[in-house]
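Colleague: I'm new to reading protein models, and I'd love a friendly tour of this one. Could we go through it together?

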Amino acid sequence: MSGSGGAAAASAGSAPPAQEEGMTWWYRWLCRLSGVLGAVSCAISGLFNCITIHPLNIAAGVWMIMNAFILLLCEAPFCCQFIEFANTVAEKVDRLRSWQKAVFYCGMAVVPIVISLTLTTLLGNTIAFATGVLYGLSALGKKGDAISYARIQQQRQQVDEEKLAETLEGEL
């Protein structure tokens, strides 16, 4: 049993993740750290949310605890070493594109707020939602530099001038 877990960990570490869409190493770690902090805030807020007699608050709290587990499973599988399939799930999530992660994480964070809009659910899901936003921003890509932007603008002006010259020649 421990041999198969070690082999899965070795294969997960040696396989290059397909999610490297131009993300720098520090941004990738920022997203991971945000996911772990989001999981912690969801778990704590979910526990506080479950201490009530209102069924919608309890449902939102349970959903938040489930969000915390999924975030930890996806972003920090080493925290879930007691679960056999943790490395497999993390490997599959790493293959997802950034926009897919963004939609998944933001969607998970919005559901408890829709179930029960309280300060606890709002504050507890803020960091988890921010993780989705960070992944969404990485899906947009890098900002272009000023030189390439100026070059594109110059090419557009040249094309516009050529079209204007052609129309003027056609009128004569």
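Below, we talk through helices, buried residues and salt bridges.

Modeller: A quick note first: this is a predicted model, where local features need pLDDT of at least 70, side-chain atom pairs count only at pLDDT 80 or more, and totals for chains, interfaces and linings use all residues. Residues are numbered from 1 along each chain as its sequence is written, and side-chain values use heavy atoms, with hydrogens and water left out.

Colleague: Which residues of helix α4 are buried?

Modeller: Helices here are DSSP runs (H or I, at least four residues; strands are E, at least two), numbered from the N terminus. Buried means under 20% relative accessible area and exposed over 50%, with partly exposed in between (1.4 Å probe, protein chains only). In α4, which spans residues 86–94, the buried ones are Ala86, Ala90, Val93 and Asp94.

Colleague: Where on α4 do these buried residues sit?

Modeller: Take the directions from the helix axis to the C-beta atoms; the arc is theirs. An α-helix has 3.6 residues a turn, so residues three or four places apart point the same way. The buried residues of α4 cover an arc of only 100° around the axis, which puts them on the same side of α4.

Colleague: What do the buried residues of α4 pack against?

Modeller: Contact means heavy atoms within 4.5 Å. By that rule, the partners of the buried residues of α4 are α2 (25–50), α3 (55–75) and α5 (98–115).

Colleague: Which residues are linked in a network of salt bridges?

Modeller: A salt bridge is a side-chain nitrogen of Lys or Arg within 4 Å of a carboxyl oxygen of Asp or Glu. Asp94 meets Arg32 at 2.7 Å, N to O, and Asp94 also meets Lys101 at 3.8 Å. Glu75 forms another salt bridge with Arg32, at 3.9 Å between the closest N and O atoms. The network therefore links Arg32, Glu75, Asp94 and Lys101.

Colleague: Is Glu75 buried or exposed?

Modeller: Glu75 lies in helix α3 and Arg32 in helix α2, so the pair ties together parts that are 43 residues apart in sequence. Arg32 has a relative accessible area of 19% and is buried. Glu75 has 3% relative accessibility, so Glu75 counts as buried.

Colleague: Which residues touch the most other members of the largest nonpolar core?

Modeller: A nonpolar core is a set of buried Ala, Val, Leu, Ile, Met, Phe, Trp, Tyr and Cys residues joined through side-chain atoms within 4.5 Å. The largest has 17 residues, and those touching the most other members are Cys31, Leu71, Tyr105 and Tyr135.
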